[in-house]
Every structure is written in C-alpha cells, then in structure tokens.
Amino acid sequence: MVIVMKPNSKEEQIKDVCKVLESVGLGVHISKGSQVTIIGVIGDKKLLNNIPLELMPGVDKLVPIMDSYKLASKTFKPEPSIIDVDGVKIGGEEIVIMAGPCAVESKEQLMEAAEKIKIAGAQFLRGGAYKPRTSPYSFQGLEKEGLEYMLEAKKKTGMKIVTEVISQESIEIADKYADMFQIGARNMQNFHLLREVGKTKKPVLLKRGISATIEEWLNAAEYIMSEGNYNVVLCERGIRTFETATRNTLDISAIPVLKSKTHLPVIVDPSHATGKWEYVIPLSRAAIAAGADGLMIEVHPNPRCALSDGPQSLTPEKFIELCTTIEKLAPLVGRKYIMK
Ligand code: PEP
Ligand code: MN
C-alpha cells in the first residue's frame, strides 16, 4: 500500500504519518515528487487495522499496490531509482557499460581485456569466476583465483567489478572482491540465493531467467528487496523462443514494459541474447534507443581461443567501435556516454 499525501501537505504532516506507521512496526519509504509525496508502506498492512490513516492531516488517499511484487513496483516508488555502485550511477543520465570476458581464464587474458575495455570508457569490468555451465564437463571457472585477478584489474584500471555468485559460499568469497553481485539467468528463481544476496548491502545485477515472464522476474527482484537490499538492477539477456537463428531472442519490448512497471534500472546483454558477435552492435543500438540504462557486453582479447562463449564475444577493436556508436547515439535519446 502507498499513502498519497495532498499536494500542499506539510513536512510535519508527513513525519506524523511515518511515526504512526513505525509505531506499529511498519517500514516507510518516502518518494518526493515535484507535486506530491508518496509514502510506501513496508510490511503487513493488517498491522494498521483500526488506524484511520486517511483521516490524518495532509493525507489525500491510500492506494493498494495491485502487482504481486510491491517494493519493485512503480506504484510504490514512482520516480526511477538510481543505483550508486561506489560512485558509478546506474539509471541516471549516463549510459553504463559493463564489459569483459565470459570467464576469467588467466591473469594475462583478463589484464589485456581490462586495459582495452577501459580505453573505450566502460565503467565496469565483468568476468565470471564461478561459471554455471550447461555441461558439467565444460570449464567451471577459476573461482577465488579468478577474483584475485579481477581485483588486480580493478586496481590497475579503476573499473568496478561485477561477477556472478552461485551459492552462499561464493557470496562470502566474492563479497571481498566484487562491487556488484550478478545473479545469472539459471539462478533467477533460486529463491534461497536471492534472499542471501538480499541480506547483503551490495548492489545486485539480476539477469532474466531463460523462460521467465516479466512478472516472475520482478518477483525475483522482490525477493532480494524484501530482505532490505534495494540496490537491484535488471538485465535483459534474451529468452528462449521457437527461433533458432540466434541463441536466445532479445526481448526489446521488455525495456519499455519494465519502465512502465518498475523504478529499477534496466540494462541489456545482447551477447547472451544472440550468441553471435555480429549481432551485438546493432542490438546494442536498439537497446539504448529503446531506453535501456546500460549494456553488458562480452569482450575477449582472442575470441577464437575463449574457454566459453567465444562466438558471441567482441574483439577489443569491435568493442571500441560499439562504444563510439553509443557515444554518438546517446544524446539523441537524452543520455550520454563518454569515451575517456
Ligand atoms: C554471464 O553473464 O556470464 C552468463 C552466464 O549469462 P546468463 O546468466 O545470462 O546466461
Ligand atoms: Mn557468457
């Protein structure tokens, strides 16, 4: 439920309403718009039985949230959220680009990728140290050793680190290295894992499940937020359809749909969506044109030798080409991206 205050309500009246809510054990989330203030109520609204909130001075109306997810809903918080990852803001004017290899394979591979990605202005280095592979016989990642290389690359380039976590143990280890946890498509409905990252304060990049509806995806975000961690960024990475020309089908329509349903930022991963590097630049352009807040791109110094996802990885040169395009396109849709 949200409480919509009257346009001319006073600061004292807003405080009084919050006091009543907190006195019965409910949490509050205040959204100050240019016209009205909305107070989001966190917790079981049955605690408010017999309290006539609508009669309190300054209160206009009480509005129930009809969606199955609440904290992630735009009704709860109408203005877009900007997620601050140690100084890099996702969801603001600036387009955020996360790039790097699918998996951290060696120190040399990661350092070479990181230095070239940095030249193109990417704010985040991505790289999997824990790889949930379709086959148990495929490369499973370097785990802690891989995270050590990520940290070294961060120290050298200044880029933030985003990396996938797959278990409680990997959360505890990655917590010391990563600026942002990634929950992969295969784990989008691993509710226990979602709750565990929700208990941390670290921002979470939540990828869309391979066959998840937008409602299921937003409920996954709700699991994280319901534990107190509101720093969630959504990542559209393609869904499984009847089409076989691409690895998955990039759901471009998910971008405006999400913008109408949630305040959380949205980024797009055209690499996993298509499985082919040739389609990554055109779909990156489409994603930014449709209103995405950023991109996640797989880049490998030598895609032909990659231990995973080589066919969808851009060379550093192609990645620079992509960023040059985004730098030109961004102002046309009211955004900016600056190649350093
Ligand atoms: C990844 O980003 O490394 C990855 C495995 O992607 P997804 O979970 O979207 O398949
Ligand atoms: Mn990959």
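Modeller: Domain bounds here come from an automatic or database domain assignment. The model itself is predicted.

Colleague: Which domains does the domain assignment of the chain give, and what separates their centres?
Modeller: The assignment gives domain 1 (2-63) and domain 2 (83-333). Their centres are taken over C-alpha atoms. The separation between those centres is 37 Å.

Colleague: Which residues are the protein donors of the manganese ion (ligand 2)?
Modeller: A donor must be an N, O or S atom within 2.8 Å of this metal. The protein donors lie 2.0 to 2.3 Å from the ion. They are Cys 102 (SG), His 272 (NE2), Glu 298 (OE) and Asp 309 (OD).

Colleague: What spacing do the donors of the manganese ion follow along the chain?
Modeller: The donors run in the order Cys, His, Glu, Asp. Their spacing is C-x169-H-x25-E-x10-D.

Colleague: How many residues apart in sequence are the parts that Cys 102 and Asp 309 tie together?
Modeller: Cys 102 sits in the loop between strand E7 (96-100) and helix H2 (107-119). Asp 309 sits in the loop between strand E14 (294-298) and helix H10 (316-329). The pair therefore ties together parts that lie apart in sequence by 207 residues.

Colleague: Is Asp 309 buried or exposed?
Modeller: Buried means under 20% relative accessible area. Asp 309 has 18% relative accessibility, so Asp 309 counts as buried.

Colleague: And Cys 102, buried or exposed?
Modeller: The relative accessible area of Cys 102 is 3%. The cut-off for buried is under 20%. Cys 102 is therefore buried.

Colleague: How do the residues of the shell around ligand 1 divide into nonpolar, polar and charged?
Modeller: The surrounding residues are Arg 126, Lys 131, Glu 164, Gln 182, Gly 184, Ala 185, Arg 186, Lys 207, Arg 237 and His 272. Gly counts as polar in this scheme. The shell divides into one nonpolar, three polar and six charged.

Colleague: How much of the accessible area of ligand 1 does the protein cover?
Modeller: Take the side-chain contacts to its oxygen atoms. An N or O atom of Arg 237 is 2.6 Å from an oxygen of ligand 1, with 2.9 Å for Arg 186 and 3.5 Å for His 272. On its own, ligand 1 has 300 Å² of accessible area. The protein covers 96% of that area.

Colleague: Which backbone oxygen does the side chain of His 263 reach?
Modeller: His 263 lies in the loop between helix H7 (254-261) and strand E13 (266-268). His 263 is buried, at 5% relative accessible area. At 2.7 Å, its side chain reaches the backbone oxygen of Leu 71.

How values were computed:
Residues numbered from 1 in each chain as written. Chains lettered and ligands numbered in written order. Predicted model: local features only at pLDDT ≥ 70, side-chain atom pairs only at ≥ 80, totals over all residues. Heavy atoms only, no water. Donors = N, O, S within 2.8 Å, 3.2 Å for Na, K, Ca; no water. Helix = DSSP H or I, 4+ residues; strand = E, 2+ residues; numbered from the N terminus. Buried < 20%, exposed > 50% of the residue type's maximum accessible area, 1.4 Å probe, protein only. Near = heavy atom within 4 Å. Polar contact = N/O pair within 3.5 Å; in protein donor to acceptor, adjacent residues only side chain to side chain. Areas by Shrake-Rupley, 256 points an atom, 1.4 Å probe, with all protein chains shown as cover.
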